[in-house]
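Please open the model in your viewer and keep the selection tool at hand for a short walk through its aromatic rings and one part of its surface.

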Amino acid sequence: MTKYVNAVIGDETGDASLPILEGTLGPQAVDIQSLYGRHGILAYDPGYRSTASCKSAITFVDGDAGILAYRGYPIEQLAEKSRFLEVAYLLMFGELPSAAEGTAFRDSVCQHNLLHEQVISFYRGFRRDAHPMAVMVGVVGALSAFYHDDMDIRDPQQRINAAIRLVAKMPTIAAASYTYSTGRPQRYPRNEYDYAGNFMQMLFGMPNRDFVVDPVQVRAMDRILILHADHEQNASTSTVRMAASSGANPFACIAAGIASLWGPAHGGANEEVVKMLLEIGTPENIPKAIARAKDKSDPFRLMGFGHRVYKNFDPRARVIQESAREVLAHLGLENDPLMAVALELEEIALRDEYFIERKLYPNVDFYSGILLRAMGIPTKMFTAVFAVARTAGWVSQWLELHNDSTHGIDRPRQLYVGSGLRDYPETRG
Ligand code: CMC
């Protein structure tokens with residue numbers, strides 16, 4: 001049912017109403033699509049804090065209640081009961097797979113997880129000390145040059161093929177970015193492992209010995225992947241959608257998403273959290289760090305704190321904290337000094353008026369860095385792991401956009417605040 005809201009403007013007929021749209025869950029949205037056409041006025045919302053950029057049936061986030069659900073399933077239940085490939089299927093196709101669908105999906109992923117040998121040769125063109133995300137932006141974009149016969153975005157089957165290729169190849173691409181930087185031989189995927197286990201063997205395995213699977217760490221990696229798989233219209237996902245809206249090919253769109261994810265305010269935060277905790281070093285230095293975070297003349301922020309949407313708690317942070325404790329205990333690192341600083345920092349910040357007033361809570365990145373570090377993942381690979389996970393979400397959002405025949409090219413407008421029109425000075429002609 002359509003309801004109407006009175007806007008502050010009216011057209012020549014005196015009609016100032018705009019339709020209100022209702023979703024399944026979450027706030028209603030005023031449909032302002034006709035605003036400019038009817039009233040010649042634009043909506044101003046820099047940073048899109050009050051803008052629903054699309055309709056989506058994939059992920060639901062309620063920032064005040066601390067709810068995150070994929071296709072309706074709460075993240076805590078998925079992290080507990082599901083595995084990453086099942087979650088990827090759920091995100092892409094809308095329902096949990098039957099046993100046969102799950103097997104067929106896994107087989108397709110296994111079939112596509114190798115890289116073309118010429119793609120592997122690209123790596124040698126990068127500097128050894130390149131950041132893995134820099135390499136990933138380049139290599140994923142370059143995949144466009146390999147599948148031009150199977151990436152017609154108007155063909156639903158080719159769209160699914162591209163989405164599966166991306167999910168399948170991303171761990172291989174990320175792991176190769178790491179092994180290249182260390183000078184170790186690049187590893188091929190091995191289909192006897194599950195998705196997370198295969199990723200870990202490509203990161204840490206050596207050709208001269210068998211890779212020993214640690215089920216506790218593989219499970220923790222799988223959970224990290226599940227927790228990061230999608231997060232509705234965040235910066236990188238919106239980037240993917242915007243690139244896709246022009247009809248760009250899927251590999252270029254995901255490369256754009258990787259670039260956006262890399263920023264320290266988004267996926268780069270877990271790397272920054274570990275740097276910050278190492279810099280703080282010991283609990284005695286925490287008050288100084290808190291004072292700096294509150295000082296408006298200092299650009300320092302408590303990394304891993306605050307979220308654009310979660311203003312209560314980040315449900316992912318709870319799960320990841322539990323996983324971090326499990327893995328640290330399993331590895332005999334219960335007294336990890338970084339964890340000690342993190343726990344005390346959290347406690348002090350959560351009692352501080354500044355953080356309470358602004359509703360700043362630990363986000364998923366606050367503990368994911370500690371967990372990844374304990375598992376031997378180097379700091380500069382943290383965001384690459386996030387990118388592997390988020391690819392499932394990006395391709396699902398990309399598929400959804402292309403299944404919506406009403407969606408044209410995204411083209412935001414602006415409130416122009418530059419110079420008025422003026423003549424080019426005669427004297428310079
Ligand atoms: N430390 C200190 N002050 C903060 C922090 C922080 N981490 N985060 C926000 N604030 C303050 C900010 O200075 C502002 O204060 P005031 O109202 O006095 O000017 C107020 O809180 C609101 O900040 P904002 O920047 O308008 O909030 P936002 O919703 O636009 O930003 C954020 C969200 C995540 C970018 C921000 O909280 C931040 O920079 N956090 C640290 C980086 C981080 O952990 N990012 C990971 C996000 S979760 C992973 C993901 O989903 O990508």
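The tour below goes from ring pairs to charges over rings and then to the surface.

This is a predicted model, in which local features need pLDDT of at least 70 and side-chain atom pairs count only at pLDDT 80 or more, while totals for chains, interfaces and linings use all residues. Residues are numbered from 1 along each chain as its sequence is written, and side-chain values use heavy atoms, with hydrogens and water left out.

The structure holds 13 aromatic pairs (ring centres of Phe, Tyr or the six-membered ring of Trp within 6.5 Å; planes under 30 degrees apart are stacked, over 60 edge-to-face, the rest tilted). Select Tyr 89 and Phe 105, an edge-to-face pair with 5.4 Å between centres and 80° between planes. Tyr 89 belongs to helix H3 (residues 84-93) and Phe 105 to helix H4 (residues 99-111), 16 residues apart, where helices are DSSP runs of H or I with at least four residues, numbered from the N terminus. Both Tyr 89 and Phe 105 are buried (under 20% relative accessible area, with exposed over 50% and partly exposed in between, using a 1.4 Å probe and protein chains only).

Next, select Tyr 178 and Phe 204, whose planes stand at 75° with centres 6.5 Å apart, so this pair is also edge-to-face.

Turn then to Arg 128, which lies over the face of Tyr 180 at 4.2 Å from the ring centre (CZ of Arg or NZ of Lys within 6 Å of the centre and within 35 degrees of the ring normal).

Finally, select Leu 415, in the segment after helix H18 (382-403), which is exposed at a relative accessible area of 56%.

Notes. Helix = DSSP H or I, 4+ residues; strand = E, 2+ residues; numbered from the N terminus.
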